[in-house]
Amino acid sequence: MSNLYKYLKKYKKQFILGPTFKLFEAIFELIVPVVMAKIIDVGIAEKDTKYILVMGGVLVLLAVVGLASALVCQYLATVCSQGFGTEVRSVLFDHINSLSMNEMDRFGVSSMVTRFNSDINQMQLGVAMLIRLAIRAPFLVIGATVSAIILKPSISWIFLVTAPLVAVVLYFIMSKTIPVYTKNQAKLDKITSIARENFSGMRVVRAFTEQEREQERFEKSTEQYARSVIAIGKVSALLNPLTFLIINLAMVAILYFGGTKINVKSMTQGELIAFINYMTQISLALVVVANMVVLFSKSYASAKRVSELLATEPAVTDEGNTEVTPVEGAPAISFNNVSFRYNNGGLALKNLSVDIMRGQTVGIIGGTGSGKSTIINLLPRFYDISQGELKIDGVDIKKYPFKQLRGKIGLVPQQSLLFAGTIRSNMLWQKPDATDEEIQEALKIAQAYDFVMQKKDRLDCVVQQKGKNFSGGQRQRLCIARALVGKPEILILDDSMSALDFATDLALRRAINKSLPADTTKIIISQRATSIKSADIIIVMDKGEPVGIGKHAQLLKSCEVYREIFESQQKAPHEKEVKNEK
C-alpha cells in the first residue's frame with residue numbers, strides 16, 4: 001500500500017501540524033489531575049479560597065487552550081483527509097481509464113465503483129482519525145502511566161499491568177476482524193452488481209414479472225453480507241466490555257491500595273483522586289483506541305483494495321509509441337492468422353486471415369457468440385491479439401499511439417450509449433472542433449437530421465443520462481452520426497442498425513456509400529444478410545472461426561452457414577424489402 005502514501009505529500013503540513021495540536025490538547029489534559037490534586041491537598045485542606053480560585057482559573061485556561069487546539073486539529077484533519085481522498089479518487093479515475101478491457105473484465109464494473117466510492121470514503125475517514133486520534137490516544141495512555149509512576153511509584157504497578165492486558169485484547173480483536181473486512185467489501189461488490197443490474201434492467205425485470213426472484217437474489221446477498229457483518233460485530237462487541245472490565249478492576253485495585261496508604265498517611269487524598277483521574281483518562285483513551293482498531297481495520301482493508309487496483313498495470317499500452325507513417329499501397333486492414341482469447345480462456349477467434357483494401361466495404365455475419373464483435377474490438381486495441389499479426393495501413397497496430405490509431409476509426413458499438421449533455425456535445429466526441437455544418441451533414445447521413453431539427457433546441461437539445469429521452473432507433477442513429485463526424489478513415493458499425501426499420505436501414509447504407517469519401521473503409525456487423533450482401537468482402541463466423549470469406553454470390557455456393565442464414569431470412573416478412581434493394 002506504499003503507493004498511497006505519496007498522495008499525502010501535498011498535505012504534509014496539515015498531516016504533521018494536526019497531530020501536534022492534538023498532542024498539545026493531550027498535554028494540557030494530563031496536567032488537569034495534578035491541578036486537581038493541588039486544589040484538594042492545598043486549597044481545600046487549608047481552606048484557602050484564593051488558591052482554589054486561582055487553580056480553578058488554571059483549569060479553565062487549560063480547557064480553553066485544549067479546546068482551541070482540538071478545533072485547529074479538526075480543521076487540519078478535514079483539509080488533509082478530504083484532499084487526500086480527492087487526490088486518490090482523481091488518480092484512480094485516470095488509472096481506470098488507462099486500463100485495457102482485460103483488466104476491466106477481470107475486476108468488473110461494480111467492484112471498481114465500490115472501490116472508487118465506498119473504499120476511498122473509508123480511507124478518508126481513516127486519515128482523519130489518524131490525525132485526530134492516533135497520536136492523542138496512545139500519548140494519553142503512556143502519559144497517564146508515566147505521570148502515575150512519578151506521582152506515586154509504589155502503586156503504579158497497577159498501570160503497568162493494565163496496559164499490556166488491554167493490548168492483548170486489542171491484538172485479538174484486530175487479528176479476527178481485519179481479514180473479514182476485506183471479504184466483506186467483496187460481498188458489497190456483489191450487492192452493488194445486483195442492484196446495478198436491476199436498476200438498469202428494470203423494464204426487463206418487470207416485463208418477465210421477475211421482481212420476486214430478483215428480490216430473493218438481492219436479499220440472499222444482503223443476508224450473506226449481514227451475517228458476515230454480525231459475525232464481526234460479535235467479535236468487536238467484546239472490545240469495550242473486556243477493556244472496561246480490565247480498567248474497572250484496575251480502579252478497584254487503586255481504591256483498595258490507595259485507601260490503605262491514605263490510612264497510614266503515605267498518600268494524600270488529592271494523589272488518590274489524581275490516580276483515579278489518570279485511570280479514567282486511560283479508560284477513555286482505550287475506548288477510543290478500541291474504536292480506532294475497528295475503523296483502521298476497515299480502512300486498511302479498503303486501502304488494500306484501492307492499492308490493488310492502482311498497482312494493476314494495463315495489459316495494452318502505447319507507451320513509447322510515436323506517430324507512424326502509413327505504408328503506401330498497403331491494405332487498410334490486414335489480419336494475418338490472427339487468434340485471440342479472453343483472459344486465458346478458450347480461443348474466441350481462430351486463425352483469421354484477410355486483407356481489406358481502402359474504400360472496401362466488409363460485412364461480418366454469424367450466430368451469437370461466433371466472434372463477430374471480437375474482431376472489431378481488436379482494431380482499436382481494446383484487446384491485444386494472442387497470436388498472429390494485425391496491421392492498419394501496413395503498420396502493426398502495436399506500434400501506433402492510441403490517439404493516432406483510434407483517430408482513424410469511427411466506432412459505433414452494439415450498445416447505443418449517449419452521454420448526459422446536449423446533442424452537440426455528444427457529436428463533438430470524434431472531432432472536438434467540428435462545425436455545426438459538419439454535425440448536420442453527419443446527422444443527415446445517419447438519417448437523424450429530421451428528428452433532431454424537429455426538437456425545440458435542435459443541436460442544443462438536452463440528452464439525459466444514457467440518452468433515455470430518445471427511442472432505441474434514435475439513439476442508434478445519433479451514435480452513428482457521432483462516429484461519422486470528421487469522416488474517419490475506418491467506419492465500424494457493430495450491429496448498430498438493429499433498432500432501425502428496413503427502409504431506414506437501407507437509406508442509411510445508401511447515404512454512407514454516397515456521402516463518405518471513396519477511400520473510407522467500412523466494416524458492418526449485422527444479423528441481416530440483406531444489410532451486407534452488397535459488401536466487397538463478407539466474413540462468415542461460426543464458433544470463433546471464419547468459415548467463409550468472399551462475396552455474396554460466392555458464399556451462397558461455397559459456405560453452408562451463410563447459405564442457411566440467408567435462406568432462413570428470405571422466408572421472413574422483409575423479403576419484399578430485399579427484392580426492392582435488388
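**Close-up views of a predicted model**

**View 1. Glu210 and Arg213 meet in a salt bridge.** Let us start with Glu210, which is partly exposed at 28% relative accessibility. The model you see here is a predicted one. The partner of Glu210 is Arg213, and their side chains come together with 2.8 Å from N to O. Arg213 is also partly exposed, since its relative accessible area of 47% falls between the limits of 20% and 50%. As a general idea to keep in mind, side chains of opposite charge can pair when their charged atoms come close. How many such salt bridges does the structure hold? The total is 20, and some others appear in the views below.

**View 2. Arg217 and Glu214 form a salt bridge within helix α9.** Here the N to O distance is 2.9 Å. Count along the helix and you will find the two residues three apart, or about one turn. Are these two residues buried or exposed, or something in between? Glu214 counts as buried, because its 9% relative accessibility is under 20%. Arg217, at 32% relative accessibility, counts as partly exposed.

**View 3. Four glutamates make a patch of negative charge on the surface.** The members to look for are Glu212, Glu216, Glu219 and Glu223. Take Glu223 as an example: its home is helix α9, which covers residues 211–237. Glu223 has a relative accessibility of 43%, so it counts as partly exposed.

**View 4. Lys408 and Asp393 pair up in a salt bridge.** Their closest N and O atoms are 2.8 Å apart. Where in the chain do the two partners sit? Lys408 is in the loop between α13 (402–407) and β6 (409–412), while Asp393 is in the loop between β4 (387–392) and β5 (395–396). With their positions 15 residues apart, the pair links distant parts of the chain. Lys408 is buried at 6% relative accessibility, and Asp393 is buried as well, at 4%. Elsewhere, salt bridges that share partners tie Lys22, Glu25, Glu29 and Arg136 together as one network.

**View 5. Tyr562 and Phe566 are a stacked pair of aromatic rings.** A search through the whole structure turns up ten aromatic pairs. In the pair formed by Tyr562 and Phe566, the ring centres are 6.4 Å apart and the planes differ by 15°. Two values are given here because a pair of aromatic rings is described by the distance of the centres and the angle of the planes. Why does this pair count as stacked? The answer is the angle: 15° is under 30 degrees, so the pair is called stacked. Both residues belong to helix α21 (residues 560–570), and being four residues apart separates them by about one helical turn. Tyr562 is buried, with a relative accessible area of 0%. Phe566 is buried too, with 8%.

**View 6. A nonpolar patch lies on the surface.** Trp157, Val161, Leu165, Tyr256 and Phe257 make this patch, which covers about 500 Å². Which helices each supply at least two of its residues? They are α7 (157–200) and α10 (239–263). Helix α7 gives the largest share, with three residues. Val161 is a member that lies in α7, and its relative accessible area of 42% makes it partly exposed. Look at the rings as well: ring pairs join Trp157, Tyr256 and Phe257 into a cluster.

**View 7. Two lysines have a positive phi.** Neither of them is glycine, of course, and each has a positive phi: near 65° for Lys466 and near 55° for Lys543. Lys466 is part of the loop between β8 (462–463) and α17 (472–484). Lys543 is found in the loop between β11 (537–542) and β12 (545–550). How exposed is each lysine? Lys466 is partly exposed at 36% relative accessibility, whereas Lys543 is exposed, because its 67% relative accessible area is over 50%.

Technical notes. Residues numbered from 1 in each chain as written. Predicted model: local features only at pLDDT ≥ 70, side-chain atom pairs only at ≥ 80, totals over all residues. Heavy atoms only, no water. Patch = residues over 30% accessible without salt bridge, like charges linked within 9 Å, V, L, I, M, F, W, Y side chains within 5 Å. Areas by Shrake-Rupley, 256 points an atom, 1.4 Å probe, with all protein chains shown as cover. Lys, Arg positive; Asp, Glu negative; His and termini not counted. Charge placed at Lys NZ, Arg CZ, Asp CG, Glu CD. Buried < 20%, exposed > 50% of the residue type's maximum accessible area, 1.4 Å probe, protein only. Phe/Tyr/Trp six-rings, centres within 6.5 Å; stacked < 30°, edge-to-face > 60°.
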